[in-house]
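Have the sequence and the 3D view open side by side, and let's take a walk through them together.

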Amino acid sequence: MVDRVICYRPPSTIAATETDSGSGTNDGVVDVDAIADWLAARIDASVSVRDRFLEEHRTDDLAERFAEARVTSPYERDTGNTMLGTIRYEERALENPDREGGVLYDGGQIQRTLNSALPADERGLETLHVAVLDRAIGTWGAHDGRWHKRVNVLGQPALISVPGLYEAPAKPEVYYKEKQRHALLSGDAPPREVLENQVDGEFLVENDPRTTDALKGYVLQAYHYLQRGEAFCDREGCRLYNAHYHEGLIDAQLRDPEFCSEHARLYGT
Ligand SMILES: [Zn+2]
């Protein structure tokens, strides 16, 4: 039985400067305290909030473990690049957690690393840790031989990837076509506003103001899994549904009703 949930804030920078084009900081977009309040109203366990997991539970080998968990190719199961330069990069990323895009990590390896970083008296399953991270994480798809980005990895601790929310579910097909068309014309990726205006269909973009609301269900999924041993809900539109497309994500996380009838009995307010 889970009797306590501890949610960890993602990194946030103090203030975005004007030269910072907004890359990577989720300051103000992910409100973990609001997520914790939402969760506390729905489950029978205490919910608290701590600062960054990677600050609270820092171990000496963390940078090396992150380097080992790097996915090196989308089609290559083996991970890891522990050359000194990479470890230095990971050390810098831990110190200055502005997201430096493009790196994908094996969620299973990161989860094992963070599990062993937990203090022994908090590692039991009656205390669920939910680490909200500003890193892209993935799991290997044995059925299709490639890595898949994830919004969350269930277990202890549960990992929640903020970039995963934007990048893991597929966007409407026309989005990719528009992006390709723009690249052919200008040799460049189109600005986000262009895509948003030209693409019909709904999807979340980086730093989307709906981020906090959308993440609530993914945190509840972590509790549901540890408490009941069940992963996702099959019913589209339920907060526990694992959407593969952005439109499904928006339907599940941001539109009423919050839950299917079965899960409304468990978590409805
Ligand atoms: Zn459900």
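What follows is a tour of a few spots worth finding on screen. Keep in mind as you look around that this is a predicted model.

Let's begin with strand E1, which covers residues 4–8. Four of its five residues are buried, so the strand is largely enclosed by the rest of the structure. Who are its partners? Strand E2, residues 46–50, is joined to E1 by five bridges, and the two run parallel. You can pick out one link here by finding Tyr-8, whose bridge partner in E2 is Arg-50. Strand E4, residues 127–133, is also joined to E1 by five bridges, and this pairing is parallel too. To spot a link in that pairing, look for Arg-4, whose bridge partner in E4 is Thr-127.

Next, head over to helix H4, residues 84–95, and find Ile-87 in it. Is Ile-87 buried or exposed? With a relative accessibility of 12%, Ile-87 falls below the 20% cut-off, so it counts as buried. Once you skip the neighbours within four places in sequence, Ile-87 is in contact with Ala-63, Glu-64, Ala-67 and Thr-82. Take Ala-63 from that list: 24 residues separate it from Ile-87 along the sequence, yet their C-alpha atoms are 5.7 Å apart in space.

Now for the metal. Which protein atoms are the donors of the zinc ion? They are SG of Cys-233, SG of Cys-238, SG of Cys-260 and ND1 of His-263, and they lie 2.0 to 2.4 Å from the ion. The angles among these four donor atoms run from 96 to 115°, and the site is tetrahedral. If you trace the donors along the chain, you'll find the spacing C-x4-C-x21-C-x2-H. Two of the donors, Cys-233 and Cys-238, are both buried.

Time to look at the rings. A pair of aromatic rings is described by the distance of the centres and the angle of the planes. How many aromatic pairs does the structure hold? There are eight of them. In one, Trp-140 and Trp-147 have ring centres 5.6 Å apart and planes at 65°, so they meet edge-to-face. Trp-147 is buried, with a relative accessible area of 4%, while Trp-140 is partly exposed at 25%. Another edge-to-face pair is made by Tyr-175 and Tyr-176, with centres 5.2 Å apart and planes at 90°. Here Tyr-175 counts as buried at 11% relative accessibility, whereas Tyr-176 is partly exposed, with a relative accessible area of 41%. Elsewhere, Trp-38, Tyr-223, Phe-259 and Tyr-267 come together as one aromatic cluster.

Some rings have a charge for company. Stay with Tyr-175 for a moment: the charged end of Lys-171 sits over its ring, 5.1 Å from the centre. Phe-66 has a visitor as well, with Arg-135 lying over its face at 4.4 Å from the ring centre.

One last stop: the loop between helix H8 (192–198) and helix H9 (211–228), where you'll find Asp-208. Is this residue buried or exposed? Asp-208 counts as buried, because its relative accessibility is 5%. Setting aside neighbours within four places in sequence, Asp-208 is in contact with Val-29, Tyr-166 and Phe-203.

Key
Residues numbered from 1 in each chain as written. Predicted model: local features only at pLDDT ≥ 70, side-chain atom pairs only at ≥ 80, totals over all residues. Heavy atoms only, no water. Buried < 20%, exposed > 50% of the residue type's maximum accessible area, 1.4 Å probe, protein only. Contact = heavy atoms within 4.5 Å. Pairing = 2+ DSSP bridges. Donors = N, O, S within 2.8 Å, 3.2 Å for Na, K, Ca; no water. Tetrahedral: all angles 85-135°; square planar, octahedral: opposite > 155°, others 65-115°. Phe/Tyr/Trp six-rings, centres within 6.5 Å; stacked < 30°, edge-to-face > 60°. Lys NZ or Arg CZ within 6 Å of the ring centre and 35° of its normal.
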